[in-house]
Amino acid sequence: MNPTDWHPADVKAALEKRGVSLRKLAHEHGYSHFQRVLSTHWWAAEQIVAAALGLPADEIWPSRYAMERTKAKARTVKIAVSRSGRIRKLGGTKA
């Protein structure tokens with residue numbers, strides 16, 4: 001099962017149930033608006049909204065925080081560091 005992000009209307013409704021709005025949160029934290037957080041990854045705003053809802057951000061927007069382990073492994077380069085501080089890759093190059 002693939003978790004899906006909350007619908008933007010659900011995020012706004014959950015905030016309203018707690019007596020707060022995106023605009024109010026934005027102003028309290030020194031921003032002019034947060035509307036973009038509903039459709040685009042914006043780490044700082046996501047953390048503020050999530051805290052206001054009492055949830056982790058990755059529970060509200062799982063697709064923004066999910067990363068396949070194969071992609072992470074492909075980005076990882078194993079290295080060795082000599083005593084003199086020289087760095088070299090181990091295991092050849094990745095394409």
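In this predicted model, the cover over the buried residues of helix H1 includes helices H2, H3 and H4. The residues of H1 that are buried are Val 11, Ala 14 and Leu 15. Viewed down the axis of H1, these buried residues fall within an arc of 100°, so they line one face of the helix. The face turned away from this buried side carries Glu 16 and Lys 17, both exposed. Just after H1 comes Gly 19, which takes a positive phi of about 80°.

The helices that cover H1 can also be followed through the nonpolar core. The largest such core has 19 residues, and those with the most contacts inside it are Leu 15, Phe 34, Val 37 and Val 49. Two or more residues come from each of H1 (8-17), H2 (22-28), H3 and H4 (57-60). The largest share, five residues, is that of H3. As a general point, nonpolar side chains in soluble globular proteins tend to be buried together. Val 49 gives a good view of how this core is put together: leaving aside residues up to four places away in sequence, Val 49 touches Val 11 and Leu 15, together with Leu 22, Leu 25, Phe 34, Val 37 and Trp 61. Of these partners, Leu 15, Phe 34 and Val 37 are named, along with Val 49 itself, among the residues with the most contacts inside the core.

Phe 34 leads on to the aromatic residues. The structure holds three aromatic pairs. In one of them, the rings of Tyr 31 and Phe 34 have centres 5.2 Å apart and planes at 50°, so this pair is tilted. Phe 34 also pairs with Trp 42, here in an edge-to-face arrangement with 5.5 Å between the centres and 80° between the planes. Through such ring pairs, Tyr 31, Phe 34 and Trp 42 are linked into a cluster. As for exposure within the cluster, Tyr 31 counts as partly exposed because its relative accessibility is 29%, whereas Phe 34, at 1%, counts as buried. Trp 42 is buried as well. A charged residue joins the picture at this point: Arg 36 lies over the face of Trp 42, at 4.4 Å from the ring centre.

A charged residue is also found on H3. Glu 46 lies in this helix, which spans residues 43-53. Is Glu 46 buried or exposed? With a relative accessibility of 0%, Glu 46 counts as buried, because the cut-off for that class is under 20%. Which side chains, then, make polar contacts with the side chain of Glu 46? One is that of Arg 64, with a polar contact of 2.7 Å, and another is that of Tyr 65, with a polar contact of 2.4 Å. Arg 64 and Tyr 65 also appear among the residues that Glu 46 touches, not counting those up to four places away in sequence; the others are Val 37, Thr 40, His 41, Ala 57 and Trp 61. Val 37 and Trp 61 are touched by Val 49 too.

The neighbouring acidic residue to consider is Asp 58, found in H4. Asp 58 has a relative accessible area of 42% and is therefore partly exposed. Between Asp 58 and Glu 46 there are 8.9 Å in space, C-alpha to C-alpha, and the two residues are 12 apart in sequence.

Definitions and conventions: Residues numbered from 1 in each chain as written. Predicted model: local features only at pLDDT ≥ 70, side-chain atom pairs only at ≥ 80, totals over all residues. Heavy atoms only, no water. Helix = DSSP H or I, 4+ residues; strand = E, 2+ residues; numbered from the N terminus. Buried < 20%, exposed > 50% of the residue type's maximum accessible area, 1.4 Å probe, protein only. Polar contact = N/O pair within 3.5 Å; in protein donor to acceptor, adjacent residues only side chain to side chain. Contact = heavy atoms within 4.5 Å. Core = buried A, V, L, I, M, F, W, Y, C linked by side-chain atoms within 4.5 Å. Arc of directions from axis to C-beta. Phe/Tyr/Trp six-rings, centres within 6.5 Å; stacked < 30°, edge-to-face > 60°. Lys NZ or Arg CZ within 6 Å of the ring centre and 35° of its normal.
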